[in-house]
Amino acid sequence: MNNLELESLLKRARLPEVPGESLEMFPRRVIAGLKRNVPLHPAAPSRFRFLAWAGGLAACLLMALAIGHWHGRREKETMPPDILASAKLVHEMLAMFPNRVRAIVEDAQGVNLVLSQDENVPPYALLYVRLCDGQHCSSFVTFSGQEIQVAGQKVTALADGQGGIIVTGNQFVWSSTEGIYAGNHLTIHAKTLGPAAM
Amino acid sequence: MAGADDESKLIERSLSGDPEAYAALVNRHQHMVRAVAFRMTGSFDDSEELAQEAFVRAYKQLGSFGGASKFSTWLCKIVINLSLDWRRRESRRAGIHASWAVEAMSEQGPDGGFPDELSRRVQVALDRLPVKQRAAIVLTIYENQSHAEAARTLGCAEATISWRVFAARQKLKRLLKDLPHEQP
């Protein structure tokens with residue numbers, strides 16, 4: 001079954017018939033529900049509502065500042081959780097495209113899957129890497145040896161035989177074991193997610 | 001389109017507190033709202049309740065409807081997000097997420113009230129999708145939204161919608177492979 005056939009099949013599916021009486025009564029039931037729950041002037045502004053809204057906004061701003069401050073400090077010390085840190089989720093994604101996933105990248109735009117045209121991606125060690133430049137973070141899961149575009153540059157992550165990870169980009173080199181970092185202002189974390197479960 | 005101006009007037013009158021105007025809006029859009037709610041819940045009773053809740057929510061937020069999108073699109077966003085919240089509440093409360101839809105359907109009789117077997121099988125298959133994948137299918141297939149529109153409705157990236165649609169299609173093809181299908 002191809003996508004068009006599936007779409008046609010789904011669209012042929014009809015819903016249970018709604019009794020005519022129910023259709024007729026429904027608007028009345030909604031209005032009755034409104035009269036119970038809401039004053040019938042949805043947009044009517046009031047001083048109290050404005051003050052509550054302004055107070056809430058101020059509280060949110062304060063909270064956002066506090067969280068931003070806390071998060072900024074925390075970023076330097078620990079790896080914040082993100083979607084790709086979930087090995088289960090990653091393995092589910094990999095299982096859907098056997099030998100085709102070059103990387104799963106998560107950045108400000110969301111989660112993106114980088115696929116190979118053919119089933120030719122060697123299932124070497126599966127690596128998780130997170131790059132932060134102080135303002136933005138990108139993380140990705142890839143197989144050792146794949147070169148991918150992330151954080152505005154081409155990046156390759158490599159696993160060595162002793163469990164260490166080397167990450168190289170156009171503008172930096174980083175090693176988990178040697179404590180080497182030659183490059184610009186990136187903070188890098190990396191770990192092995194184990195062999196790919198295909 | 002017959003009624004676009006008329007609809008604006010109904011919205012204005014509703015905003016000024018005219019219940020008859022809002023009842024007319026409800027009447028005009030109830031089929032779409034009920035359909036989305038049913039596709040998301042698989043239960044007639046729950047979809048009725050959700051549809052009613054959606055219209056109450058829409059009324060409360062009517063002042064924020066700026067006309068940037070169609071009123072039906074705005075309503076659809078409300079009902080789909082309510083469905084997602086409802087699903088989370090239900091699964092937390094009962095802990096029977098997986099079997100829930102089947103039970104709900106059996107309450108409506110052996111055929112679930114569907115007009116034919118194909119319709120019933122499709123809904124059973126939709127119920128077996130993860131809820132966010134189901135929402136992506138409901139919006140893109142049944143509500144004819146583009147991936148970009150569905151992304152705005154669900155508040156996520158377009159790529160995320162594409163991924164969910166892809167994953168949902170794979171699963172639906174497996175679940176429905178024995179049904180007769182034809183080239184559209």
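**Entry 1: chain A at a glance**

I started with burial in chain A: of its 198 residues, 22% count as buried. I noted at once that this is a predicted model. Next I counted elements and found 4 helices and 10 strands in chain A. I then read them off from the N terminus: α-α-α-α-β-β-β-β-β-β-β-β-β-β. The helices come before the strands in that order. I also looked up contacts in chain A with a separation of 6 or more; residues 24 or more positions apart account for 44% of them.

**Entry 2: chain B at a glance**

I turned to chain B. Its secondary structure comes to 9 helices and 0 strands. Along the sequence I read α-α-α-α-α-α-α-α-α. Chain B has 184 residues, and 38% of them count as buried. For contacts in chain B between residues at least 6 apart in sequence, I noted that 60% join residues at least 24 apart.

**Entry 3: where the chains touch**

How many residues does each chain give to the contact? I found 38 residues from chain A and 46 residues from chain B. I asked which elements of chain A give two or more residues to this side. They are helix 1 (3-12), helix 2 (20-37) and strand 2 (110-115) of chain A. By class, I listed 22 nonpolar, 8 polar and 8 charged residues on the side of chain A that touches chain B.

**Entry 4: helix 1 of chain A**

I looked at helix 1 of chain A on its own. Its buried residues are A:L6, A:L9 and A:L10. Down the helix axis they fall within an arc of 95°, so they line one face of helix 1 of chain A. I recalled the general point: an α-helix has 3.6 residues a turn, so residues three or four places apart point the same way. What covers these buried residues of helix 1 of chain A? I found that the cover includes helix 6 (117-127), helix 7 (131-142) and helix 9 (158-175) of chain B.

**Entry 5: nonpolar cores**

I looked for the largest nonpolar core and found one of 47 residues. The residues with the most contacts inside it are B:V36, B:A54 and B:V79. Helix 2 (residues 19-41) of chain B gives the largest share of this core, 10 residues. I followed B:V79, leaving aside its neighbours within four places in sequence. B:V79 is in contact with B:V33, B:V36, B:A37, B:L50, B:A51 and B:A54. Apart from this core I found another, of 26 residues; among them are A:V90, A:I104, A:V111 and A:L126.

**Entry 6: a strand pair in chain A**

I checked strand 1 (residues 101-107) of chain A against strand 2 of chain A. They run antiparallel, joined by 6 bridges. A hairpin links these two strands of chain A through 2 residues. I also noted that A:I104 stands opposite A:L113, which sits in strand 2 of chain A.

**Entry 7: confidence**

I ended with pLDDT. The mean for chain A is 75, and 69% of its residues reach 70 or more. Which elements of chain A mark the lowest and the highest mean pLDDT? Helix 3 (residues 47-77) of chain A has the lowest, 54, and helix 1 of chain A the highest, 90. Over residues 43-48 of chain A, pLDDT stays under 50, and the model has 4 contacts there beyond four places in sequence. Over residues 74-80 of chain A, pLDDT also stays under 50, with 6 such contacts. My reminder: where pLDDT is low, the predicted coordinates should not be read in detail.

Methods:
Residues numbered from 1 in each chain as written. Chains lettered and ligands numbered in written order. Predicted model: local features only at pLDDT ≥ 70, side-chain atom pairs only at ≥ 80, totals over all residues. Buried ≥ 20, exposed ≤ 12 C-beta atoms within 10 Å, placed from the backbone. Contact = placed C-beta atoms within 7 Å. Nonpolar A, V, L, I, M, F, W, Y, C, P; charged D, E, K, R; others polar. Core = buried A, V, L, I, M, F, W, Y, C linked by C-beta atoms within 7 Å. Pairing = 2+ DSSP bridges. Arc of directions from axis to C-beta. pLDDT = per-residue confidence, 0-100.
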